[in-house]
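Please look at the sequence and the model side by side before reading on. The paragraphs below move from the whole chain to single residues.

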Amino acid sequence: MPTRAGGKGLCAARCAQGQGVDGGGAPTGPPLLHKIYEPAHHSDVAFQLAIRNGSRAHHWKFGDMQPVPGLTPDDVAHITAYVRNEQRKAGIQ
């Protein structure tokens with residue numbers, strides 16, 4: 001079962017450069033704690049596909065997201081659980 005605790009460390013190690021330490025964005029990438037990334041618009045599967053395959057820029061002007069190598073599907077599930085929990089705390093449902 002994916003846990004937010006497992007995802008926090010993975011997110012800090014693998015996502016912070018692009019999305020910021022707290023998911024609030026970085027000079028190189030958008031904030032994950034934004035209503036654009038609410039589950040109804042970007043599903044958990046969309047997160048998984050973006051991490052595995054990369055993603056074309058379509059909401060922000062940071063350029064395309066490159067794939068994130070070395071993460072297993074379980075790692076991505078943990079990261080997604082952590083991000084969704086942080087979104088809920090920020091009022092993003």
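What follows is a walk through this predicted model, from the overall fold to one helix and then to a few residues in the loops.

Let us begin with the chain as a whole. Its secondary structure consists of four helices and zero strands, so that reading along the sequence gives the pattern α-α-α-α. The radius of gyration is 12 Å, close to the 12 Å that the globule rule gives for 93 residues, and the chain is therefore as compact as a globular protein of that length. Taken along the principal axes, the box that the C-alpha atoms fill is roughly 35 × 30 × 25 Å. Of the 93 residues, 37% count as buried, while the accessible surface comes to about 5,800 Å², with 55% of it belonging to carbon and sulfur atoms.

Two further values describe the chain before we turn to its parts. When contacts between residues at least 6 apart in sequence are considered, 58% of them join residues at least 24 apart. As for charge, there are 10 positive and 7 negative side chains, and the centres of these two sets lie 3 Å apart.

Helix α3, which spans residues 44–53, is a useful place to look more closely. Which of its residues are buried? They are F47, A50 and I51, and because they cover an arc of only 95 degrees around the axis, they sit on the same side of α3. A general point about helices helps here: an α-helix has 3.6 residues a turn, so residues three or four places apart point the same way. The cover over the buried residues of α3 includes helix α4, residues 73–89. Just after α3 comes G54, which takes a positive phi of about 85 degrees.

From G54 we can pass to V68, a residue in the loop between α3 and α4. Although V68 and G54 are 14 residues apart along the chain, their C-alpha atoms are separated by 7.3 Å. Leaving aside neighbours within four places in sequence, V68 is in contact with R14 and I51, and I51 is one of the buried residues of α3.

The next stop is helix α2, residues 16–19, where Q19 is found. Is Q19 buried or exposed? With a relative accessible area of 15%, Q19 is below the 20% limit and is therefore buried. Apart from residues up to four places away in sequence, Q19 touches G24, G25, A26, G29, P30 and L32.

One of those contacts, A26, deserves a closer look, and its place is in the loop between α2 and α3. A26 has a relative accessible area of 18% and is buried. If neighbours within four places in sequence are set aside, the residues in contact with A26 are A16, Q17, G18, Q19, G20 and F62. The last of these, F62, is 36 residues from A26 in sequence, and the C-alpha atoms of the two are 9.8 Å apart in space.

On the other side of α2 in the sequence is C15, which lies in the loop between α1, residues 4–14, and α2. C15 counts as buried because its relative accessibility is 12%. Not counting residues up to four places away in sequence, C15 touches L10, G20 and I79; G20 is also among the contacts of A26. By way of a further distance, C15 and V45 are 30 residues apart in sequence and 17 Å apart in space, C-alpha to C-alpha.

V21 offers a contrast to these buried residues. Like A26, V21 is placed in the loop between α2 and α3, yet at 70% relative accessibility V21 counts as exposed. V21 and L49 are 28 residues apart in sequence, and their C-alpha atoms are 21 Å apart in space.

Note on methods:
Residues are numbered from 1 along each chain as its sequence is written. This is a predicted model: local features need pLDDT of at least 70, side-chain atom pairs count only at pLDDT 80 or more; totals for chains, interfaces and linings use all residues. Side-chain values use heavy atoms; hydrogens and water are left out. Buried means under 20% relative accessible area, exposed over 50%, partly exposed in between (1.4 Å probe, protein chains only). Helices (H or I, at least four residues) and strands (E, at least two) are DSSP runs, numbered from the N terminus. The arc is that of the directions from the helix axis to the C-beta atoms. Contact means heavy atoms within 4.5 Å. The radius of gyration is taken over C-alpha atoms; the globule rule is 2.2 Å times the number of residues to the power 0.38. Accessible areas come from the Shrake-Rupley method with a 1.4 Å probe; for residues, only the protein chains shown count as cover. Lys and Arg count as positive and Asp and Glu as negative; His and the chain ends are not counted. The place of a charge is taken as NZ of Lys, CZ of Arg, CG of Asp or CD of Glu.
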